[in-house]
Amino acid sequence: MDGTGSTRRIFIGGAAAVAATAGTAALGGRAAAAPRARPAGAGGGRSGGGPSVAVLGGGVAGLTAAHELAERGFQVTVYEKKAPGGKARSMDVPGSARGGRKALPGEHGFRFFPGFYQNLPDTMRRIPFPGNPGGCHDNLVASTEVLLARTGHEDIRLPFRTVGKPPPLLTPDALRRALTGFLDAFGNIPVHETVYFASRLLVWLTSCDERRTGAWERVPWWEFIRAAKMSPNYQRLLAIGITRNIVATKAEVASTKTVSTCVEAFLFNALGRGADGEPDRVLNAPTNEAWIDPWVAHLRSLGVTFRIGWAVRDLRIARGRITEAVVQDASGTRQSVTADHFVSAMPVEHARTTWNAQVRAADPRLARCDKLQTDWMTGIQFYLTEPTPVLHGHVNHIDSPWSITSVGQAQYWSGRDFRADYGDGAAADCLSVDVSEWDKPGILYGKTAKQCTREEVAREVWAQMKAGLNDTGRTVLSDSKIHSWFLDPAVEIGGPRPVNDEQLLIHPAGTWYNRPAARTAIPNLFLCGDYVATDIDLATMEGANAAARAAVNALLDETGSRAERCTITPLYRAPELELFKAEDAIRYRMGLPNALDLG
């Protein structure tokens, strides 16, 4: 696709993408203060002199916890089963390097850093990177548009950036006009339906916290926006498109609180309120090069020790405290790990397998985590022989049975020559794709993704993308340009029992009530990860980072440390709406609906 796009693509000015483009990626969160030195505890500024902490898991949550603890003088060791970075890492495609080049860059799924993130950007600013005054944060670059690719319908191409002149006051009336204008841009949704959808968002925006948690958390998104009574385009764009591509959860069951929190954050971001940057940002190089490797190097410089290939199997408890973690090292030998404190930073589906009966008896609340659900949201990369960016942003393949989103990555890697730097010299681009639906039949083989072989998944994903992008008669994606592909090795399919070792937490209605706090009833055990309850609600890198900060603060409180607590920046709240929320709190306690809720 060239810069003008196809003749059947609709290009819309302003920030019209807010409501529907929230579904362009798996969020993978805000304006941060200037980076500042973090005073350490009694142990000084390097890990090594203070109490010992075993961080169990080396994803975003684990690395964040290690970072904050090491800056405060704790002796930190990180135990990670696979590689630092967890689901956020990039990885080498085995056997792809030739002629002194690096291996082709693969990944679990593409990285996406919304401008409303605040805590993760603060951490990135504190990771040194050569030539960058702002550390790894300076490696973030903005996308400028998004494409809602349709099959058999008009595609919609939208700018995705902050509004040039947002309303000076975000009153309900101003927000209603802005939202209606945004939604009118889609054109193929009936006017009365766009007005109704805007009115439902206003109900959310003026709802008090008690109603959001006590009522809207229990209501599925599909029901909240009355999708069953609306047109197919309303259902596809505003109900299914958002939920499946953001939270990998079906619209019929997704929590209204989770979805609306995310839409609200994108809305304020687009309106220039409380943002760290533009709504859609990506890295200017493969993730490990731009972020994870420098982060690990910085942590090592602070004295953090890494044990890679070490998997946590069990926690032992005595006299009400964790006494050891049982781990399996890289050789397969079981070992005992002791420390003063333990921070469990593994994904929930792995963390809860380490909580034996004795641990659960010490903190019965942990049992609620058994009700948390995960689903498959996994990436595949296509390496192409010609640059094929499609557009300067993410593509949401709205009508794809497998709920596909994609982005052409090499266009953002300004400091890289893809052919010269990666692979065998023939690959010129990397089209990274996320697959969110693994249980619906595809269009090529009539099988679900879990029923397919790896080769069939690749062919099916490519066919579904072509169905949306090539149906104008113009060839955007060409079979002849495929150099190779790479599917996340965490996925094992084609047999009787498909397995995905790196799943994503999903958010059916009522999920919030089962999410734990960072502090447990066991004095030296703390939890962090995207499943821990945080302000952002959605399972994201921002949520993992905020949870790690909360875990470190809880540890500091438990030890009576005098070190500065981690700053945890909440999502932006528009001050103009606080009075409406206060009035709604009174109505909620009286059993009355929100004043703007007309049913």
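The following exercises, each with a worked solution, concern a predicted model.

**Exercise 1. The parallel sheet**

Determine the strand order of the open sheet of five strands, and state which strands lie at its edges.

Solution.
Step 1. The order in this open sheet is β10-β3-β2-β14-β24, and the pairing is parallel.
Step 2. β10 (305-308) and β24 (525-527) are the edge strands, since each pairs on one side only.
Step 3. On average, neighbouring strands of the sheet are turned by 20° against each other, with direction ignored.
Step 4. Take one pairing in detail: four bridges connect β2 (residues 52-56) with β14 (residues 341-344) in the parallel sense. Within it, L56 stands opposite S344 of β14.
Step 5. Helix α15 (residues 541-559) lies across β2, β14 and β24. Its direction makes an angle of about 160° with β24.

**Exercise 2. The surroundings of β19**

Find which strands pair with β19, in which sense, and over how many bridges.

Solution.
Step 1. Strand β16 (residues 378-384) pairs with β19 over seven bridges in the antiparallel sense.
Step 2. Strand β18 (residues 404-408) also runs antiparallel to β19, and five bridges join the two.
Step 3. D434 of β19 appears in both pairings: G379 has D434 as its bridge partner, and T405 stands opposite D434.

Next, assign the side chains of β19 to two directions, and decide whether they are buried or exposed.

Step 4. In a regular strand, side chains alternate between the two faces of the sheet.
Step 5. D429, L431, V433 and V435 point one way from β19, while C430, S432 and D434 point the other way.
Step 6. All of these residues are buried. Taken as a strand, β19 is mostly covered, with seven of its seven residues buried.

**Exercise 3. Salt bridges**

How many salt bridges does the structure hold? For the pairs E68 with R126, K82 with E502 and D173 with R176, give the separation and the setting.

Solution.
Step 1. Side chains of opposite charge can pair when their charged atoms come close. The structure holds 39 salt bridges.
Step 2. In the pair E68 and R126, the closest N and O atoms are 3.1 Å apart. E68 belongs to helix α2 (residues 60-71), and R126 to the loop between α3 (119-125) and β6 (140-142), so that the pair links distant parts of the chain, 58 residues apart. Both E68 and R126 are buried.
Step 3. E68 and R126 also belong to a network of salt bridges that includes E71, R72, D122 and R549.
Step 4. The side chains of K82 and E502 meet at 3.1 Å, N to O. K82 is in the loop between β3 (75-80) and β4 (90-92), and E502 in the loop between β22 (499-500) and β23 (504-505), 420 residues apart.
Step 5. K82 is partly exposed because its relative accessibility is 31%. E502, at 6%, counts as buried, the limit for buried being under 20%.
Step 6. D173 and R176 have their closest N and O atoms 3.7 Å apart. The two are three residues apart in helix α4 (residues 172-184), and therefore separated by about one helical turn. D173 has a relative accessible area of 40% and is partly exposed; R176, at 34%, is partly exposed as well.

**Exercise 4. Loop residues**

Locate R226 and R319, and classify R226 and R319 by accessibility.

Solution.
Step 1. R226 has a phi near 55°, a positive value in a residue other than glycine. R319 is not a glycine either, and its phi is positive at about 55°.
Step 2. R226 lies in the loop between α7 (221-224) and α8 (232-247). R319 is placed in the loop between β11 (311-318) and β12 (321-328).
Step 3. The relative accessible area of R226 is 30%, so R226 is partly exposed. R319 counts as exposed because its relative accessibility is 79%.

Which residues form a nonpolar patch on the surface, and where is I443 found?

Step 4. The patch consists of I443, L444 and Y445, with about 270 Å² of accessible area together.
Step 5. I443 is found in the loop between β19 (429-435) and α14 (454-469). With a relative accessible area of 48%, I443 is partly exposed.

Conventions:
Residues numbered from 1 in each chain as written. Predicted model: local features only at pLDDT ≥ 70, side-chain atom pairs only at ≥ 80, totals over all residues. Heavy atoms only, no water. Patch = residues over 30% accessible without salt bridge, like charges linked within 9 Å, V, L, I, M, F, W, Y side chains within 5 Å. Areas by Shrake-Rupley, 256 points an atom, 1.4 Å probe, with all protein chains shown as cover. Salt bridge = Lys/Arg side-chain N within 4 Å of Asp/Glu carboxyl O. Buried < 20%, exposed > 50% of the residue type's maximum accessible area, 1.4 Å probe, protein only. Pairing = 2+ DSSP bridges. Axes fitted to C-alpha atoms, helices over the stretch in contact; angles between N-to-C directions. Contact = heavy atoms within 4.5 Å.
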